[in-house]
Amino acid sequence: MPGSDSLDNARVRAFITREVLEERMRQHAKYGQQQHRDRASFKPVEFEFPAMLAHAERQINDDPETKTWQSILLEQVYGAMAADELQAMRQGLVQAAAVLMAWIEDIDTRPALGGDVDGS
């Protein structure tokens, strides 16, 4: 049932979390500790373009007929990229990670795993 939050969903979330952590460990084993710049520079265009994209995705998400997991995720990612402070960027990335988990949870709790992409 859409919107239900039962013990079964908690188990699904625990399984997803374990999968993500295992994948992160695999990446660490392959690439080592990764440390990259957050941006190429701090020129205004690096904030303006992602902000424009986040706004476009937000407009899509305002309409239930066009809102998709993809548009929700992109709004969060572009919003994080548009943040001009590290803490705000981090918060946006956590929100994007939560959307990814929710999307995977939706896929995993459909009547048939890998059900229709419309969530049914």
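# Reading a four-helix model: a tutorial dialogue

Analyst: Let us begin with one pair: Arg-13 forms a salt bridge with Glu-105, and their closest N and O atoms are 2.9 Å apart. This pair links distant parts of the chain, since Arg-13 sits in helix H1, Glu-105 sits in helix H4, and the two are 92 residues apart. Please keep in mind throughout that the model is predicted.

User: Are the two partners, Arg-13 and Glu-105, buried or exposed?

Analyst: The general idea is to read relative accessibility against the cut-offs, where buried means under 20% and exposed means over 50%, with partly exposed in between. Arg-13 counts as partly exposed because its relative accessibility is 30%, whereas Glu-105 is buried, its relative accessible area being 10%.

User: How many salt bridges does the model have by this rule?

Analyst: The count comes to four. Among them is the one between Glu-75 and Arg-58, with closest N and O atoms 3.1 Å apart; this pair also links distant parts of the chain, Glu-75 being in helix H3 and Arg-58 in helix H2, 17 residues apart. Glu-75 counts as buried because its relative accessibility is 15%, while Arg-58, at 37%, counts as partly exposed. Another of the four joins Arg-110 to Asp-106, with the closest N and O atoms 3.1 Å apart. Here Arg-110 counts as buried at 9% relative accessibility, and Asp-106 counts as partly exposed at 22%.

User: How should I read the overall architecture, and which pattern does the protein follow along the sequence?

Analyst: One starts with the secondary structure and then turns to the totals. The protein has four helices and zero strands, and the pattern read along the sequence is α-α-α-α. Of its 120 residues, 21% count as buried. Among contacts between residues at least 6 apart in sequence, 52% join residues at least 24 apart. The protein exposes about 9,000 Å², and carbon and sulfur atoms supply 59% of that area.

User: Where do the buried residues of H2 fall when the helix is seen down its axis?

Analyst: The general idea comes from helix geometry: an α-helix has 3.6 residues a turn, so residues three or four places apart point the same way. In this structure, H2 has 17 residues and reaches 24 Å from its first C-alpha to its last, close to the 24 Å expected at 1.5 Å a residue. The buried residues of H2 are Phe-47, Pro-50, Ala-54, Glu-57 and Asn-61. Seen down the axis of H2, these buried residues fall within an arc of 95 degrees, so they line one face of the helix. What covers them includes H3, and the face turned away from the buried side carries the exposed residues Val-45 and Glu-48.

User: Which residues of H3 are buried, and what covers them?

Analyst: The procedure is to list the buried positions of the helix and then ask which elements are in contact with them. In H3, the buried residues are Ser-71, Ile-72, Leu-73, Glu-75, Gln-76, Tyr-78, Ala-80 and Ala-82, and what covers the buried residues of H3 includes H2 and helix H4, residues 86–108. Helix H3 itself spans residues 69–82, which makes 14 residues, and reaches 20 Å from its first C-alpha to its last, close to the 20 Å expected at 1.5 Å a residue.

User: Which residues form the nonpolar patch on the surface?

Analyst: A surface patch is read by taking its members together with their joint area. Val-45, Phe-49 and Met-52 form a nonpolar patch here, and together they have about 310 Å² of accessible area. Val-45 lies in helix H2, residues 45–61, and it counts as exposed because its relative accessibility is 51%, the cut-off being over 50%.

User: Where is Arg-39 found, and which residues does Arg-39 touch?

Analyst: For a loop residue, one reads its place, its burial and its contacts in turn. Arg-39 is found in the loop between helix H1, residues 7–31, and H2. Arg-39 is buried, because its relative accessible area is 11%. Leaving aside residues up to four places away in sequence, Arg-39 touches Glu-46, Phe-47, Ala-80, Met-81, Ala-82, Ala-83 and Met-89. One of these contacts can also be read as a distance: Arg-39 and Met-81 are 42 residues apart in sequence and 8.6 Å apart in space, C-alpha to C-alpha.

Technical notes: Residues are numbered from 1 along each chain as its sequence is written. This is a predicted model: local features need pLDDT of at least 70, side-chain atom pairs count only at pLDDT 80 or more; totals for chains, interfaces and linings use all residues. Side-chain values use heavy atoms; hydrogens and water are left out. Patches are made of residues with over 30% relative accessible area and no salt bridge: like charges are joined within 9 Å, nonpolar side chains (Val, Leu, Ile, Met, Phe, Trp, Tyr) within 5 Å. Accessible areas come from the Shrake-Rupley method with a 1.4 Å probe; for residues, only the protein chains shown count as cover. A salt bridge is a side-chain nitrogen of Lys or Arg within 4 Å of a carboxyl oxygen of Asp or Glu. Buried means under 20% relative accessible area, exposed over 50%, partly exposed in between (1.4 Å probe, protein chains only). Contact means heavy atoms within 4.5 Å. The expected span of a helix is 1.5 Å times one less than its number of residues. The arc is that of the directions from the helix axis to the C-beta atoms.
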